[in-house]
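Q: Please look closely at how the helices pack against one another in this structure. A formal, connected account for a newcomer would be welcome.

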Amino acid sequence: MVDRISTSGRYAQLVADMQQNLINYNRLTSQLASGHKVMSITDDPIAAVNILNTDRQLGQIETFSTNVEMAMSELSTLDDLMTLATGYLSQAWDKAVQANNQTYGNDSLEALKVEIDEIIKTMVDLANTEYNDNYIFGGANTKIMPYTIDENGNIIYNGTPHDNPDYIRQTEVADGVFEVINTTGDRVFGYYEAVQAQTADGKNIFTDADGKNVIETIEADGSKTYAYEDGTAYAGNVEDLEVLVDHEEYSGVMGTLKLLSNSIQMVLDGDTEAGYEQMNATLDMFDTSMRTITEEQTKFGGVYNRLEMTTSTLETNNMNLTSYLTEIQDVDLTTAITEWMQAQYAYQASLQVTSASLGMSLLNYM
Amino acid sequence: MVSLLSALNMTANTLSVNEKAISVVSHNVANMNTEGYHKQRVNLATRNIAGAIGNNVTNQVRANGGVMIANVMRYNDAFLNNYYRDQLSLLNKLEQQLDGIGDLADILDDLESTGIDAALSDFYEALNNLNEYPASSTARTNFIETAKTLTSVLNSKSVELEQNTTKALGDGESQESLENSKIYVQYTALNDKLTELADVNRALQVTQTGTLEANNLLDKRDLILNDIAEFVDIKVEEHDNGSVNLSIGGVEVVKGSKVTGELEIQTAKSYCESQDPPILYPDDWDGENAVISIVNPQEDGKIVVANANSLITEGTLGGLLHSATDNGDGETNAGTVMNSLNILSQAIADVFNELNTREGAYCINPDDTGKLIDSADDNYLFVTVDENGNVVTDGITAGNIQLNPELFSDDGIWNIACAYFEDGANFDENAVGNAQNVAAMLGTRNQKLDDLNGMSLEDYYTALVGKVASAGSSLQTLYDTQSSVVDSIEAQIKDSTGVDLNEELVDLVKYQTAYSAAAQVFNTCNACLDTLMSLGG
């Protein structure tokens, strides 16, 4: 029945048309005012899901970037420390070469030994460096000091040993990609331990001033008693007892330096031949230790380079995603304003037409 | 003489007919803005006086009886009306569904990074931090706080969803929440309308069809039917006298002047208890929170249909009933979203509890924070508390997920198992810097979980958002389309049955002119009679 239009139908139509124009105008206005194309997730489901995913990826990238930055700064510290260690080591090597000349007198040798012992202490301090509240060279044992020197001069490593695969600390630098950022003290610096001789039932053996063996027994209450092998009690001062060394265990920088120091001591003590022989042997060890450090430096240099590359990948991704996000999320102002103006005109026009035609009827002409 | 007098008579009658016609015009003009008013038109007919015999012209003139009102026609289109009501029911259903899904979209709207997605991201961010500093109490506290935020967000979303359902249908248990729900108001109003319809039916049965009174009653009847169609989808069967029978889902609820089916509503719980044998609520109940039944007031409230929810598919009631509960029809609504969030919550709990308690995972010894200690088998991160107050890891939902209360005790922060040794032989109690378990936790960000249809935690949530967004968007399209369908039918009905002022004014002038002319004829006849009387005087 299109041939008939009723007055109330016409009114309703006019109102509906105005309403439609107003809705459209209002939608474009709020888009412009907020700057967002997608006001609610139901506006554009695909864009909404993409926005969520992109937001999340951007967040991840930010985290990875922070991780990479921190890792790089820790790796620089690691590298600096190893460079320092190499420096001290070459100093010590110079001394070792000099001492091996066998031309030094006792005074000079003594001075040399003091210097070597100082270098050992410096090395230990270096190996005990903390970074970000973690001991760098402790492996996973980040909270206990990696190196201690005990009263017998042993240089003991307390960190996770390198042959335990769980020494690693790692940081996530890309989705599911973890980069190991630490090494262990025993790998870089080694250790030195003079292992004390023990009886068959595991009691420590000492020697007294006369070179006789004294056996230490730990009683049930924890106190220690000392007796000769024949069972007679040791009557002298406990402090005067010396550890009977069964054998030495050592490796790396610490082992080299300690052996060097020990060999000088042997020469000073009069055991010249064996002392010089051991001194000479340390020269080769210097080589090996130096090489180990350089190897580690090279390894982490590689990691550092990878991280640098990762940084630029992350930056590129970040830029791409950000611009993608802008594309799907933000209004294109030129288009939006044009559409908004059009909607405004349409709305104005509908207002004008409605007001003009609302009162039109035959009534006006009677 | 005879014809002069009859002409006089005829004009008197014409005056009266035009008066009546003008009064109908007046009725039309008066009601031009009345909702549901159908324009009425006076149909005039020639009055014929019987007794004209043969081809005698005089006799034939005698047969002309002037004019009479044949009937007062009501502009109407029964087909359009029925079509309109069907579409109106659908529109109202869609409106409720759209309303519901709009609330859901608001609840899940993560575009401003304030929802579950952001909480999950923050959670993983805190894990990342923990990976850097596994032994730091700050990193651990931060992790616990963000995990707590995650559970709180899940809890609050769950509450919002529940409110969404409760707002529509009540909580399924308390009568009070049912009485405050949208559906309660709707069903009461619908019952009132059924009674009104029966009353109008009664009036129509005693009124002559084709009269003004009947026309006005029909307007009223159609209005009531339209109102009812907004609530629920109906079938209408019309009788000759204009009264109608009404059925909902095949059940006759109004038969002539009697309401034969009244709606009653009860909570799902009370429905379950009233069944024989009783249904265990809520475990065995998979229906809606409110149950509508149809009873016959003519037979002392005999139950006609105990659970009429499935009969009511459209209209506001249909929309409310079927947009809040997950009834397995695949439609996205508050119920399905709630189910998905529950699955997600359980998955979060399972994944992280498993890692935190697995063989080889170690926490920090609270008595010596420089040492590791084996993570206990019940050292869970995410738990819920059962009705007996026990901490359990099964039956976790978005509404009840919480952090293990142990984590908030004085030494709770050390309970997070950051360290992991795959080979027990490598264990070193000093290795507090070992963060391999945290790395594994971070790895769950990309882990495809069987419980989540092979998706990761975040993907599952995004998919849920996408589902709601698509459902909302397609519902919006459906609603817009339906709305324009209804609008266009409404416009058609309005145009074809409404009052057009121009038409009325023309009619008015038409009848006025006829009236004036008849008066003039009267005068002329009168003058003729006067002339006749004065003849020979």
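A: The account below takes the helix packing in turn and then turns to the contact between chains.

This is a predicted model, in which local features need pLDDT of at least 70 and side-chain atom pairs count only at pLDDT 80 or more, while totals for chains, interfaces and linings use all residues. Residues are numbered from 1 along each chain as its sequence is written, and chains are lettered from A and ligands numbered from 1 in the order in which they are written.

Two packed helices are described by the angle between their axes and the distance between the axes. Here axes are lines fitted to C-alpha atoms, for helices over the stretch in contact, and angles run from 0 to 180 degrees between N-to-C directions. Helices (H or I, at least four residues) and strands (E, at least two) are DSSP runs, numbered from the N terminus.

In chain A, helix H3 (residues 106-127) packs with helix H5 (residues 252-268) at an angle of about 160°, and their axes are 9 Å apart. H3(A) is therefore roughly antiparallel to H5(A), a term for angles over 145 degrees. Residues are in contact if their C-beta atoms, placed from the backbone, lie within 7 Å. On the side of H3(A), the residues that meet H5(A) include Leu109(A), Ile116(A) and Met123(A); among those of H5(A) are Leu257(A), Ser261(A) and Ile264(A). This contact has 13 nonpolar, three polar and four charged residues, where Ala, Val, Leu, Ile, Met, Phe, Trp, Tyr, Cys and Pro count as nonpolar, Asp, Glu, Lys and Arg as charged, and the others, Gly among them, as polar.

In chain B, H3(B) and helix H5 (residues 137-169) pack at an angle of about 170°, with axes 10 Å apart. These two helices are therefore roughly antiparallel as well. H3(B) contributes Gly100(B), Asp103(B), Leu104(B) and Ile107(B), which meet Lys157(B), Glu160(B), Leu161(B), Asn164(B) and Ala168(B) of H5(B). By class, four of the residues are nonpolar, two polar and three charged.

Between the chains, 53 residues from chain B and 49 residues from chain A take part in the contact. Helix H3 (78-108) of chain B is among the elements that give two or more residues to the side touching chain A, and H13(B) supplies the largest share, 16 residues. That side of chain B divides into 18 nonpolar, 24 polar and eleven charged residues.

As to confidence, the predictor gives the complex an ipTM of 0.81 and a pTM of 0.82. Chain B averages a pLDDT of 89, on the predictor's per-residue confidence range from 0 to 100.

Methods. Two residues are in contact if their C-beta atoms, placed from the backbone, lie within 7 Å. Angles under 35 degrees count as roughly parallel, over 145 as roughly antiparallel, 65 to 115 as roughly perpendicular and the rest as oblique.
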